[in-house]
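Biologist: Could you walk me through this model before I go back to the bench? I would like to take it one question at a time.

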Amino acid sequence: MPKKEKLTKICPKCGSTNVSTEFSNPANVAYGNALNYFCNKCDYIAKVFPEIKIKDISKFRKNLGV
Ligand SMILES: [Zn+2]
């Protein structure tokens, strides 16, 4: 069995992995929609953040130029 690679959400703007889930609207969260992720570093908010392998973080940041 191949090892399952660990994934992490990463900010597409600044490359930070310090990403949290937006819980400011509990009603929406309860319905499982309008759930946003936000970057704690640059405050970027989006419905979908890219999810990449831990080992690809530096490559991702290099592509961003950060
Ligand atoms: Zn960011």
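Modeller: Happy to; what follows is a set of questions and answers on this predicted model.

Biologist: Let's start with the overall layout. In what order do the elements of the protein chain run from the N terminus on?

Modeller: The secondary structure of the protein chain comes to two helices and five strands. Read from the N terminus on, these elements follow the order β-β-α-β-β-β-α.

Biologist: Which strands are the edge strands of the open sheet?

Modeller: Three strands build an open sheet, ordered β2-β3-β4, with antiparallel pairing. An edge strand pairs on one side only, and that description fits β2 (19-21) and β4 (45-46).

Biologist: And what is the bridge partner of V19 in β3?

Modeller: β2 and strand β3 (residues 37-39) run antiparallel and are joined by three bridges. For V19, the bridge partner in β3 is C39.

Biologist: Thanks! What percentage of the residues of the protein chain count as buried?

Modeller: To count as buried, a residue needs 20 or more other C-beta atoms within 10 Å of its own. Among the 66 residues of the protein chain, the share that counts as buried is 6%.

Biologist: How many residues of helix α2 are buried?

Modeller: Helix α2 covers residues 57-64 and has eight residues. N63 lies in this helix, and N63 is exposed, because 10 other C-beta atoms lie within 10 Å and the cut-off for exposed is 12 or fewer. The helix lies largely in the open, because its number of buried residues is zero.

Biologist: Staying with that end of the chain, which residue with a positive phi follows α2?

Modeller: The phi in question is near 75°. The residue that follows α2 with this positive value is G65.

Biologist: How far apart are the C-alpha atoms of N63 and G15?

Modeller: Along the chain, N63 and G15 are 48 residues apart. In space, the separation of their C-alpha atoms is 9.4 Å.

Biologist: Now to β4. With which residues is I45 in contact, leaving aside its neighbours within four places in sequence?

Modeller: I45 lies in strand β4 and is exposed, with 11 other C-beta atoms within 10 Å. Once neighbours within four places in sequence are left aside, the contacts of I45 are E22, N36 and F38.

Biologist: Which residue in the loop between β3 and β4 has a positive phi although it is not a glycine?

Modeller: The phi here is positive, at about 65°. The residue counts as exposed, because it has 10 C-beta neighbours inside 10 Å and 12 or fewer is the cut-off. Found in the loop between β3 and β4, this non-glycine residue is D43.

Biologist: What about K13: where is it found, and is it exposed or partly exposed?

Modeller: K13 is found in the loop between β1 (7-9) and β2. It has 15 C-beta neighbours inside 10 Å, which falls between the cut-offs of 12 for exposed and 20 for buried. K13 therefore counts as partly exposed.

Biologist: How far apart in space are K13 and Y44, C-alpha to C-alpha?

Modeller: Leaving aside neighbours within four places in sequence, K13 is in contact with C39, C42 and Y44. K13 and Y44 are 31 residues apart in sequence. Their C-alpha to C-alpha distance is 7.2 Å.

Biologist: Which residues is K53 in contact with, leaving aside its neighbours within four places in sequence?

Modeller: K53 is found in strand β5 (residues 51-53) and is exposed, with 12 other C-beta atoms within 10 Å. The C-alpha atoms of K53 and E5 are separated by 6.5 Å, although these residues are 48 residues apart along the chain. Apart from neighbours within four places in sequence, K53 is in contact with E5 and L7.

Biologist: One last point. Of the contacts with a separation of 6 or more, what percentage comes from residues 24 or more positions apart?

Modeller: This value concerns contacts in the protein chain with a separation of 6 or more. Residues 24 or more positions apart account for 53%.

How values were computed
Residues numbered from 1 in each chain as written. Predicted model: local features only at pLDDT ≥ 70, side-chain atom pairs only at ≥ 80, totals over all residues. Pairing = 2+ DSSP bridges. Helix = DSSP H or I, 4+ residues; strand = E, 2+ residues; numbered from the N terminus. Contact = placed C-beta atoms within 7 Å.
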